[in-house]
Amino acid sequence: MSRYAIVVDLDHCTGCKGCEIACKNENHLRLGEHWNRLMLCGPYGDFPNLSQYYLPFMCQQCENAPCVEVCPTGASYRDPDTNVVLINQDACIGCQLCMSACPYGAREYDEQENVVKKCTLCKHLTDQGEKPFCVSVCSVQCRYYGDLDDPESDASKALAAKPDAVHTLFDEGNKPATAYLLSEKYCEWHDTPQGHDTNDNNALASFANPA
Ligand code: SF4
Ligand code: SF4
Ligand code: SF4
């Protein structure tokens, strides 16, 4: 079985937004649409001992994906070859049940087309043997892509290199496959981070269902 996902090493992420912008360009997203958002988490601690980190987040490629379970038409599905969760736009009726089911707010409604969209893990590129665009363009190369069930993949090697720093977002039984590396010496990890969406400094973290 394959489990393709992205691993982000937050020890090195500078919060440059390169991945967010790259995703918008590569996938021709409209103004205001984001499949990869950057959140500034924190500050945590007490002054003067404050710390914070950047969290780029997209579809977390859940192993028990609630978005697939609730979809009434089968438009949300799991690719049989890669196990990647995808949306068949032709079968989507825009009911948005999947958006309500996703714990992370990783899906967006396209009002003009009356369909729901999200990160595709750049299927159009990975089908050609290339890396997802956000992985290719990261200025500090802190994003890793690959099959988590293949110990030789870039993503698996990144996880193996820092076993004490591996984290996922909060898990409601959906088992997110996407993983983050954050070492304690930089900042304490928070499964349910509090912070600001960097697209709107006045907006609290836009997870749909924060604990
Ligand atoms: S491009 Fe890389 S360094 Fe920049 S915000 Fe994204 S993950 Fe972080
Ligand atoms: S993060 Fe949301 S959209 Fe992605 S697989 Fe999980 S539930 Fe579905
Ligand atoms: S993998 Fe592709 S679609 Fe997903 S966040 Fe990265 S650039 Fe966007």
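This is a short talk on the sheets, two of the helices and two of the ligand sites in the structure above.

Hi everyone, and thanks for coming. Before we start, please keep in mind that what we are looking at is a predicted model.

Let's begin with a sheet of four strands. Reading across, the order is β8-β1-β10-β9; the sheet is open, and its pairing is mixed. Which strands stand at the edges? They are β8, residues 143–147, and β9, residues 166–167. Each of these has a single partner strand, so one side of each is left without a neighbour in the sheet. If you look at the β9 end, you will find β9 paired with β10, residues 179–181, in the antiparallel sense over two bridges. One pair to look for there is His-167, which stands opposite Tyr-180 in β10.

Now let's add a helix to that picture. Helix α6, residues 154–161, lies across β1, β8, β9 and β10. Against β8, helix α6 runs at about 115°. Which residues of α6 are buried? Ala-155, Ala-158 and Leu-159 are. Seen around the axis, these residues cover an arc of only 100°, which puts them on the same side of α6. And what do they pack against? The buried residues of α6 pack against β1, β8, β9 and β10. Turn to the other side of α6, and you meet Ala-160 and Ala-161, which are exposed. So here is the helix in one line: a buried side, with Ala-155, Ala-158 and Leu-159, and on the other side the exposed Ala-160 and Ala-161.

Let's move to the other sheet I want to show you. This one is an open sheet of three strands, in the order β3-β2-β11, and the pairing is antiparallel. Strands β3 and β11 stand at the edges with a single partner strand each, so each has one side left without a neighbour in the sheet. From one strand to the next, the twist averages 20°.

How many bridges join β2 to β3? There are eight, between residues 37–46 of β2 and residues 49–57 of β3. The two strands form a hairpin, with two residues between them. You can check the pairing yourself by finding Leu-40, whose bridge partner in β3 is Tyr-54. Strand β2 also pairs with β11, residues 195–197, in the antiparallel sense, over three bridges. Met-39 is a nice residue to click on here. Towards β3, Met-39 stands opposite Leu-55, and towards β11, Met-39 stands opposite Asp-197.

From the hairpin we can go on to helix α1. Its buried residues are Cys-19, Glu-20 and Cys-23. Looking down the axis of α1, they fall within an arc of 105°, so they line one face of the helix. What covers them? The cover includes β2, β3, α5 and β8, so we meet some familiar strands again. Just after α1, have a look at His-28, which takes a positive phi of about 55°.

Helix α1 also brings us to ligand 3. This ligand is surrounded by 14 residues, and the closest are Cys-23, Cys-119, Cys-122, Pro-132 and Cys-134. Two elements give two or more residues to this shell: α1, residues 18–26, and α5, residues 133–137. Which of them gives the largest share? That is α1, with three residues. By class, the shell around ligand 3 has 10 nonpolar, three polar and one charged residues. Notice that Cys-23 has now come up twice, as a buried residue of α1 and as one of the closest residues to ligand 3.

Last stop: ligand 2. Of the 14 residues around it, Cys-59, Gln-60, Cys-62, Cys-67 and Cys-102 come nearest. Sorted by class, this shell has nine nonpolar, three polar and two charged residues. Let's pick out Cys-102, which sits in the loop between α3, residues 97–101, and β6, residues 108–110. Why does Cys-102 count as buried? Because 25 C-beta neighbours lie inside 10 Å of Cys-102, and the cut-off for buried is 20 or more. Compare Cys-102 with Gln-60: they are 42 residues apart in sequence and 9.7 Å apart in space, C-alpha to C-alpha.

That's my tour. Thanks for listening, and please do ask me anything!

Methods. Residues numbered from 1 in each chain as written. Chains lettered and ligands numbered in written order. Predicted model: local features only at pLDDT ≥ 70, side-chain atom pairs only at ≥ 80, totals over all residues. Near = placed C-beta within 6 Å. Nonpolar A, V, L, I, M, F, W, Y, C, P; charged D, E, K, R; others polar. Pairing = 2+ DSSP bridges. Contact = placed C-beta atoms within 7 Å. Axes fitted to C-alpha atoms, helices over the stretch in contact; angles between N-to-C directions. Buried ≥ 20, exposed ≤ 12 C-beta atoms within 10 Å, placed from the backbone. Arc of directions from axis to C-beta.
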